[in-house]
Amino acid sequence: MSKDIQYTALISKDMKYTALYWALRFFEIEEDIYSKSYGGYNVIIDAEAQTVDYGEKIKVISCELHYLKRHKDFVILECVDRLLASGGDPADILLDGRDGCPDIIIKGQHIYCEQWGEDYEYAFNNLPLSGLIYTSRLVSGLIEYRTSDMVFNRVNGGDDFEIYNDELLLYRGKEKTVKVPQGIKTIAAGAFWNNVFIEEVILPESLVQLGGDCFYCCYNLKKVNIPANVSIMGNNPFAGCPKLEISNFSPHFKLVDGALYSADGNSLIYYTISNTVNQFNVPQGVICIGKHSFFMCDNLKKIVIPSSVERMENNPFSGCIKLTIENHSAAYHFENGVIYNKWHSGIIGCLNGSYIERLVIPDGVTAINRNSFWNCKGVKNIVIGRNVKHIGYNPFAWCENLLLESLSPEFPCENGIIYDKNFTHILCATDRAVGKYFKVRDSVTHINRGAFSGCIDLVRIDLNGIKCIDKSAFTNCMSLKYVFIPDSVTYIGEWAFAHCTSLKYISIPHKTFVDKNAFNECNIEIEWRD
C-alpha cells in the first residue's frame with residue numbers, strides 16, 4: 001500500500017452535483033435551475049441538462065465549457081466562482097479551453113484547470129506551461145483547492161500526527177488526551193475518523209478551519225474546544241460522538257442548548273447526541289439543516305422543522321430510530337416516513353424508524369439521493385420507479401432486510417442487485433440479496449461507492465474481472481473473511497474494506513493503487529503479488 005498522500009482521479013458523483021452547487025451558494029430558483037448573483041451579475045446552472053450560463057460579460061470561446069460533465073468542468077466553475085466572489089470583474093474573464101490553450105484568462109493571467117489527482121499531478125510535473133495550474137474538489141462540505149505555486153512540505157509531527165505545512169491530515173495515536181500542535185490552521189476532513197481511544201482533543205488558537213466529519217464516530221470523545229479563530233467548518237465534524245460536549249469560543253458560530261449554528265443562525269451544523277430532551281424545535285430563520293446534524297440522536301422523538309428551511313443536506317436524521325417529524329417547510333414533503341423535495345421529483349431521505357412493507361417509488365420521482373434509506377431496517381421491499389434517472393451512492397446501505405426491484409431502464413435489477421444500464425457497474429447490493437457467497441457477473445468492471453456496505457452476512461466474494469473498487473464499497477461487511485483482488489483491479493478506494501472485522505487475508509497486485517484507510521479496523525495479512 002502506498003505510504004504517500006495520493007489522491008484518486010475518480011470522482012464520486014453526487015446527485016447532479018447539487019452538493020457542490022450548494023457549497024458554492026448557488027440557490028435553486030426553480031426545479032433543477034440554480035443561480036448565484038455576484039453584485040447583480042448572475043451565473044445560472046441547469047443541473048438536469050448539465051449546462052452553465054456564465055452570463056453576457058464572461059466570454060466563452062470553447063462551447064464545451066458550457067457543459068458540466070467532466071470533473072474539469074466543475075473545477076473551472078469553482079475557479080470562476082472564486083474569481084467573481086473575490087471581486088473580479090466578469091468582463092475581465094475569458095474562458096478558452098481549446099487544446100493547448102489555458103482554460104481561464106484574467107488580466108493576462110493564464111489558468112489551466114485540471115481534475116484533482118492524477119491529471120493535476122501530471123500537469124504539475126510534466127507540462128511546460130506558462131501559467132497557473134489549478135485544481136479543486138468538494139470534501140465533506142468544504143472546497144479544497146491546489147495551485148502550482150503552492151509549496152507543500154511534510155512537517156515532522158511525530159508518529160501520531162501526519163502534517164503538511166499548517167494542515168493536520170491524520171491523527172494515528174491512541175492517547176486519551178490529544179493536544180494538536182500550535183501553528184496548525186486546518187484540521188482535514190476525517191482526520192480523527194473513528195478513533196475510539198481519544199477522550200479529549202485540545203485544538204490550538206491558530207486553528208482557522210475544521211474539516212467535515214473530522215471526529216466522525218469517535219465513540220469515547222468527551223471534550224473538544226472550538227477556538228476563537230475558527231471561521232470555516234465542514235459538514236458536522238462531530239457526527240457520531242455520543243459522549244461529546246463541545247465548548248465554543250468562536251464568534252463565527254453559536255452554541256445554544258446543545259445545538260451548533262453559524263453565527264447568523266442560517267445553518268444548523270450539529271446537535272448534541274447526549275441531550276436528553278425528547279423534542280427539538282429548529283429555530284425559525286434556519287435555512288439549511290446540515291449533513292449528519294442529528295446523526296444518532298436517538299433520544300429525540302420529535303423534530304419540528306420551520307417554514308424557513310430551504311435545504312436539508314445528506315439525510316440529517318440518519319440513526320434516529322424513534323424520530324417523527326413535524327414539517328412546516330414548503331421545500332419538503334414527508335409521506336409515511338419518506339422525505340421528498342417540494343416537486344416530488346426527488347427522494348431526500350427516509351426516517352430510520354419507518355416500517356414499509358412495499359414502496360413503489362412514484363413515476364414523478366427522477367432522483368434518489370445518496371444515503372437516503374441508510375439503515376432503514378424496517379423497509380422490506382422497494383420498487384425503483386420507471387422514471388428514476390439518478391441514484392446517489394448506495395442509498396440502501398445497511399438495509400439488511402430490503403429486497404430491491406426496478407422498473408427504470410437506467411437501473412436494471414438482477415436478483416435484487418441494482419446495476420447501471422450497461423451492467424458494467426454495481427450500484428446497490430443489500431444483505432438480503434447478496435447472502436453469504438456472491439460472484440460478480442462477467443460484464444461488471446466497477447463496484448461503486450458503498451455498493452456492498454453493510455452486507456453483514458457476506459463471507460466470500462468472487463470479484464471476477466473488475467477494474468475498480470470505489471470508496472466504502474465493502475465497509476462493515478463483518479463476515480467477509482478472504483478476498484482475492486484480481487490483476488484487472490487498478491484502484492481500491494478509501495475505506496473500501498473498513499470495519500470488515502473478520503477479514504484475515506487479502507491478496508493484491510503490486511500495481512493496484514490502494515487509497516488511505518482502505519482496511520481501517522481490519523487485522524489482516526496482505527499479500528502483495530507481482
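Me: Where is W495 found?
Reply: In this predicted model, W495 is in the loop between β45 (491–492) and β46 (505–509).

Me: Ok, and what is the phi of W495?
Reply: W495 has a positive phi of about 65°, although this residue is not a glycine. For background, most residues other than glycine have a negative phi.

Me: Is W495 buried or exposed?
Reply: W495 is buried, with a relative accessible area of 6%.

Me: Which residue other than glycine has a positive phi near 50°?
Reply: That one is D257, with phi near 50°. You will find D257 in the loop between β21 and β22 (259–262).

Me: Is D257 buried or exposed?
Reply: D257 is exposed, and its relative accessible area is 67%. W495, as we saw, is buried at 6%.

Me: You mentioned β21 and β22. What is the strand order in the open sheet of five strands?
Reply: The order is β21-β22-β23-β25-β27, and the pairing is mixed.

Me: Which strands are at the edges?
Reply: The edge strands are β21 (253–256) and β27 (311–312). Each of them pairs on one side only.

Me: How many bridges join β25 to β27?
Reply: Two bridges join β25 (residues 288–289) to β27, and these strands run parallel. If you want a spot to click on, C288 has R311 in β27 as its bridge partner.

Me: New topic: aromatic rings. How many aromatic pairs does the structure hold?
Reply: There are 24 aromatic pairs in the structure. One of them is W193 with Y216, a tilted pair with 4.4 Å centre to centre and 35° between the planes.

Me: Why does the W193 and Y216 pair tie together parts apart in sequence?
Reply: It comes down to where the two residues lie. W193 is in the loop between β15 (186–187) and β16 (200–202), while Y216 is in the loop between β17 (209–210) and β18 (223–226), so the pair ties together parts that are 23 residues apart in sequence.

Me: And is Y216 buried or exposed?
Reply: Y216 counts as buried, at 16% relative accessibility. Its partner W193 is partly exposed, with a relative accessible area of 26%.

Me: Can you show me another pair?
Reply: Sure, try F280 and F294. They form a tilted aromatic pair, 5.8 Å centre to centre with 55° between the planes. F280 lies in strand β24 (residues 279–281) and F294 in the loop between β25 and β26 (302–305), so this pair ties together parts that are 14 residues apart in sequence.

Me: How accessible are those two?
Reply: F280 is buried, with a relative accessible area of 10%. F294 is buried as well, and its value is 0%.

Me: Which residues form one aromatic cluster?
Reply: F161, Y171, F192, F215, F238 and Y270 form one cluster.

Me: Which ring does the charged end of R82 sit over?
Reply: It is the ring of Y145, with the charged end of R82 4.1 Å from the ring centre. You can also look at R449, whose charged end sits over the ring of Y393, 3.8 Å from its centre.

Me: Switching again: how many disulfides are there?
Reply: The count comes to zero disulfides.

Me: Why is there no bond between C376 and C350?
Reply: The closest cysteine sulfur to that of C376 is in C350, and at 3.8 Å it is too far for a bond. The cut-off for a disulfide is 2.5 Å between the sulfur atoms. C376 is buried, with a relative accessible area of 1%.

Me: What about C413?
Reply: For C413 the closest cysteine sulfur is in C428, 9.3 Å away, which is too far for a bond. C413 is partly exposed, with a relative accessible area of 28%.

Me: Last topic, the whole chain. How many helices and strands does the protein chain have?
Reply: The protein chain has four helices and 48 strands.

Me: What is the radius of gyration of the chain?
Reply: The protein chain has 23 Å, which agrees with the value near 24 Å for a compact globule of 530 residues. Its C-alpha atoms fill a box of roughly 60 × 60 × 55 Å along the principal axes.

Me: What percentage of the residues is buried?
Reply: Buried residues make up 55% of the 530 residues in the protein chain.

Conventions: Residues numbered from 1 in each chain as written. Predicted model: local features only at pLDDT ≥ 70, side-chain atom pairs only at ≥ 80, totals over all residues. Heavy atoms only, no water. Pairing = 2+ DSSP bridges. Phe/Tyr/Trp six-rings, centres within 6.5 Å; stacked < 30°, edge-to-face > 60°. Buried < 20%, exposed > 50% of the residue type's maximum accessible area, 1.4 Å probe, protein only. Lys NZ or Arg CZ within 6 Å of the ring centre and 35° of its normal. Rg over C-alpha atoms; globule rule 2.2 N^0.38 Å.
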